[in-house]
Amino acid sequence: MARNQENGLQTDSQNLRGNSENLLERESSSIGSDSEINGFTTEKHTDKYGFIGGAQQHTEESAQDIPPEVVRQREVKWLDMLNSWDKWMAKRHKKIKLRCQKGIPPSLRGRAWLFLSGGKVKLEQNHGKFQELDSKVGDPNWLDVIEKDLHRQFPFHEMFVSRGGHGQQDLYRVLKAYTLYRPEEGYCQAQAPIAAVLLMHMPAEEAFWCLVQICEKYLPGYYSAGLEAIQLDGEVLFALLRRVSTVAYKHLKKHKIDPVLYMTEWFMCAFSRTLPWASVLRVWDMFFCEGKPRPHPLHMPCLTHFCLRHLWFYYR
Amino acid sequence: MAAGGTGGVNKTYSFKVVLLGEGCVGKTSLVLRYCENKFNDKHITTLQASFLTKKLNIGGKRVNLAIWDTAGQERFHALGPIYYRDSNGAILVYDVTDEDSFQKVKNWVKELRKMLGNEICLCIVGNKIDLEKERNVSVQEAEGGAKHYHTSAKLNKGIEELFLDLCKRMIETAQADERAKGNGSSQAGTARRGVQIVDDEPQSAATAGGGCCSSG
């Protein structure tokens, strides 16, 4: 609805129009549109997640820092788990879940996601497959659409800021490979932010297999023609909202705000465009551990927030 | 969200306008330029319909526009009807450097006419005229369809005109609509002044057209 990249957790009424505004302010104050190739990123302050600006850039309030010694401890525990992963998955899955809930240490996040998603197994079962797909010529129709989207994913992340830079190149490879892997599915625009988040954490081949797992195991049907799965989940969310907040439910109903008008991006991008970055990562830790971010009480603050903004907007 | 507002002289119209067109033709940029006078070449793909509002005053008539921006990719067509239902106007955008995107606009015209008939005011917009050198859709060909406009969100060209014109047309449509409703489809506004209108028998509605079917 109101553009979504804004910080979904902050109650900032000025922000109703969302990300574009924020992005713009940042830009006008700093970046000339053509200078990006010249690596202006070095002059800019890059946050610890690689953002040089935009609404999702890290701020003091958006995440608490965990003491280094705690991070070290967690790293040791995670390394131990990853080294005997099958055993842990079979016998101590609850413990894995608990540790995901606490947040995966940043240094091991990519590997952990690959393991949790089953992308690791897929990769091992299909050795050389990605390289094979990568070397093929894709369907020009899909490639055309993909190319138009490359510079429009996380434009304030250092990896994706330069046209034709490494981030965008890898994004192209991963998305192209998927259209070759599942030609009947092709490419859906909402896959690009997902792939981009993965690429921030792992190399192209691993990102590809994680993407495959997300599209087929975690969010089956979300990106398929007809978009039926997402519409269905919208209805489920709406039904859940009715139970959680009748007021919000009735208000949306009265104004004929179909769930699809606000939840498409939340769900299709697994909140990667919606939340502050530190929260995105924590949500994804749980997403990979527990599966589909189904309509869940977690979404409710978000939805309530949305309803309030909508009210404000309407009666302004 | 159809033409609303109360009666009287100082009428406020509320219109819903939807932007449709292929991905990357500049729908978001058009809206952003119009509503906030900004241009941003660092933005993200639109996956989620979003809206911005704009208030206008056209010859004393107040207009509230709710402008809906939509996702461009073919795949999101499945959600199309949710976006364009109850719209008073539609802006169908293509990129002048991209012949394909113009073909898509033609499809939109067909779909909207089929689904919404003549109730909706259509504008076809060739955006990115700042890239005139790379033009791939000839002006002649483009002009063939519905009411046509040429814009550049980057250089802020043609956009005010586009929306102003669309608003005027939507007002006309709304007024015609009101006349049709208010005066029971018979003699329009002429009966207003000086003539006392006396409510006659309820049967009168049936006597509209002599013989021919007047379902209008």
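Which backbone oxygen lies 2.7 Å from a polar atom of the side chain of B:Arg169? I opened the notebook with this, keeping in mind that I am working from a predicted model.

**Entry 1: B:Arg169**

I looked up the side chain of B:Arg169 and found that the backbone oxygen in question belongs to B:Leu122. The arginine itself sits in helix 5 of chain B, which spans residues 159–182. Setting aside neighbours within four places in sequence, I listed its contacts as B:Cys121, B:Leu122, B:Cys123, B:Lys147 and B:Tyr149. I also checked B:Asn88, which is 81 residues away from B:Arg169 in sequence, while the two C-alpha atoms are 9.7 Å apart in space.

**Entry 2: B:Arg135**

Next I turned to B:Arg135, which I placed in the loop that joins strand 5 (121–127) to helix 4 (139–143) of chain B. Is this residue buried or exposed? I noted a relative accessible area of 18% for B:Arg135, and because buried means under 20%, I recorded B:Arg135 as buried. Its side chain makes a polar contact with the side chain of B:Glu132, at 2.6 Å. Not counting residues up to four places away in sequence, I found that B:Arg135 touches B:Val96, B:Thr97, B:Ile129 and B:His150.

**Entry 3: chain B as a whole**

I then stepped back to the chain that holds both arginines. For chain B I counted 5 helices and 6 strands, and reading from the N terminus I wrote their order down as β-α-β-β-α-β-α-β-α-β-α. Of the 216 residues in chain B, 45% are buried. Among the contacts in chain B with a separation of 6 or more, I noted that 69% join residues 24 or more positions apart. The accessible surface of this chain comes to about 10900 Å², and carbon and sulfur atoms hold 50% of that surface.

**Entry 4: where chain A meets chain B**

How many residues of chain A are in contact with chain B? I found 53 residues of chain A in contact with 36 residues of chain B. The size of an interface is often given as the accessible area lost when the parts come together. For chain A and chain B I recorded about 3800 Å² buried between them, with 57% of it on carbon and sulfur atoms.

I went on to the polar side of this interface, where the count between chain A and chain B is 3 salt bridges. One of the pairs I looked up is B:Asp98 with A:Lys148, whose side chains meet in a salt bridge at 3.1 Å, N to O. Across the interface of the two chains, 12 residue pairs are in polar contact, both residues of each being at pLDDT 80 or more. On the side of chain A that touches chain B, helix 1 (19–30), helix 8 (140–149) and helix 14 (260–268) of chain A each supply at least two residues. Helix 14 of chain A gives the most to that side, with 8 residues. I sorted the residues of the side of chain A that touches chain B into 26 nonpolar, 13 polar and 14 charged.

**Entry 5: helix 10 of chain A**

Last, I asked why helix 10 of chain A should be called largely enclosed by the rest of the structure. This helix covers residues 191–199, and 9 of its 9 residues are buried, so the description holds. The buried residues run from A:Gln191 and A:Ala192 to A:Leu199, with A:Pro193 and A:Val197 among them. What covers them includes helix 5 (109–117), helix 9 (166–181), helix 11 (204–218), helix 14 and helix 15 (277–290) of chain A.

Methods
Residues are numbered from 1 along each chain as its sequence is written. Chains are lettered from A and ligands numbered from 1 in the order in which they are written. This is a predicted model: local features need pLDDT of at least 70, side-chain atom pairs count only at pLDDT 80 or more; totals for chains, interfaces and linings use all residues. Side-chain values use heavy atoms; hydrogens and water are left out. Helices (H or I, at least four residues) and strands (E, at least two) are DSSP runs, numbered from the N terminus. Buried means under 20% relative accessible area, exposed over 50%, partly exposed in between (1.4 Å probe, protein chains only). Contact means heavy atoms within 4.5 Å. Accessible areas come from the Shrake-Rupley method with a 1.4 Å probe; for residues, only the protein chains shown count as cover. Buried area is the accessible area (1.4 Å probe) that two parts lose on being put together, summed over both. A salt bridge is a side-chain nitrogen of Lys or Arg within 4 Å of a carboxyl oxygen of Asp or Glu. A polar contact is a pair of N or O atoms within 3.5 Å; within protein, one must be able to donate a hydrogen and the other to accept it, and residues adjacent in sequence count only if both atoms are side-chain atoms. Ala, Val, Leu, Ile, Met, Phe, Trp, Tyr, Cys and Pro count as nonpolar, Asp, Glu, Lys and Arg as charged, and the others, Gly among them, as polar.
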